[in-house]
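Open the model in your viewer and keep the selection panel handy. We will go from stop to stop, choosing a few residues each time.

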Amino acid sequence: MPMIPIQITVRDIENTPALEAAIRKRAEKLERFYDRISSCRIVIELPQKHKHQGKIYNVRIDITVPGKEIVVTHKRHEDIYVAIRDAFDALVRQLDEHSGKRKGRVKTHSDVMHGHVVRIIANEGYGFIDGVDGNEYYFSMTNVSYPSFDQLHIGDAVEYISETINDGRQAQHVIKERHNNRHSENM
């Protein structure tokens with residue numbers, strides 16, 4: 001099986017053998033998932049203009065597949081390996097969607113569900129939503145569309161797309177509802 005041409009650029013941080021190995025391992029796994037990737041470019045950087053006390057890493061992955069370029073940019077994580085993992089996870093979802101469209105599978109997003117965040121396991125990057133349908137839905141930090149995962153709190157009203165994965169219920173595209181169940185006094 002041919003190997004994907006991988007180009008890695010590391011800016012403003014030391015490119016250690018361990019970092020390079022972690023990146024290459026994830027990039028090579030992409031080929032097992034989708035075998036028509038013709039190039040893979042990864043940029044990891046530590047932006048100079050951050051206002052946090054800790055370091056916040058950015059990861060950008062740009063791959064080329066027949067007829068399309070897929071780009072993922074993941075910003076705002078203090079652990080470089082978590083930032084890399086999240087970026088590759090997001091890329092795999094985009095590849096899956098692209099592959100599904102090529103095979104005639106198309107997700108329909110007509111069934112937006114509503115619920116409330118009931119548990120957050122922040123240090124492991126996941127949580128659970130109690131849906132209005134009475135079911136509980138798992139979500140990870142990569143499933144949160146707005147705001148970021150670390151800005152969700154127990155009790156927040158959210159909307160999401162339900163998906164069955166490995167015989168379990170998962171919430172995709174989780175968005176915190178802006179009104180957050182505050183009723184207008186003018187009803």
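The tour below visits the nonpolar cores, then a strand residue, then some salt bridges. Please keep in mind that this is a predicted model.

**Stop 1: the largest core**

Start by selecting Ile42, Ile61, Ile63, Leu91 and Leu95. These are the residues with the most contacts inside the largest nonpolar core, which has 29 residues. Now colour the elements that give two or more residues to this core: strands S1 (6–11), S2 (39–45), S3 (57–65) and S4 (68–77), together with helices H1 (17–33) and H2 (80–102). Which element gives the most to this core? That is H2, with eight residues. In soluble globular proteins, nonpolar side chains tend to be buried together.

Next, pick Ile63 alone and show what surrounds it. Setting aside residues up to four places away in sequence, Ile63 touches Leu91 and Leu95, and also Ile37, Ser39, Cys40, Lys68, Glu69 and Ile70.

**Stop 2: another core**

Apart from the largest core lies another one, of 14 residues. To find this second core, select Ile129, Met141, Val158 and Tyr160, which are among its members.

**Stop 3: Phe128**

Move to strand S6 (residues 126–131) and click on Phe128. Is Phe128 buried or exposed? Its relative accessibility is 17%, so Phe128 counts as buried, the cut-off for buried being under 20%. Beyond its neighbours within four places in sequence, Phe128 has contacts that include His116, Val118, Ile121, Tyr138 and Phe139. You can also draw a distance from Phe128 to Ser140: their C-alpha atoms are separated by 8.6 Å, and the two residues are 12 apart along the chain.

**Stop 4: salt bridges**

The model has eight salt bridges; here are some to display.

- Glu45 and Arg11: the closest N and O atoms are 3.6 Å apart. This pair links distant parts of the chain, with Glu45 in strand S2 and Arg11 in strand S1, 34 residues apart. Glu45 is partly exposed at 25% relative accessible area, and Arg11 is partly exposed at 41%.
- Arg24 and Glu20: their side chains meet at 3.2 Å, N to O. Both sit in helix H1, four residues apart, so about one helical turn separates them.
- Asp62 and Arg41: the closest N and O atoms are 3.1 Å apart. Asp62 lies in strand S3 and Arg41 in strand S2, so the pair ties together parts 21 residues apart in sequence. Asp62 is buried, at 9% relative accessible area, whereas Arg41 is partly exposed, at 28%.

For a final view, add Arg60 and Glu69 to that last pair: Arg41, Arg60, Asp62 and Glu69 are linked in a network of salt bridges.

Key:
Residues are numbered from 1 along each chain as its sequence is written. This is a predicted model: local features need pLDDT of at least 70, side-chain atom pairs count only at pLDDT 80 or more; totals for chains, interfaces and linings use all residues. Side-chain values use heavy atoms; hydrogens and water are left out. A nonpolar core is a set of buried Ala, Val, Leu, Ile, Met, Phe, Trp, Tyr and Cys residues joined through side-chain atoms within 4.5 Å. Buried means under 20% relative accessible area, exposed over 50%, partly exposed in between (1.4 Å probe, protein chains only). Contact means heavy atoms within 4.5 Å. A salt bridge is a side-chain nitrogen of Lys or Arg within 4 Å of a carboxyl oxygen of Asp or Glu.
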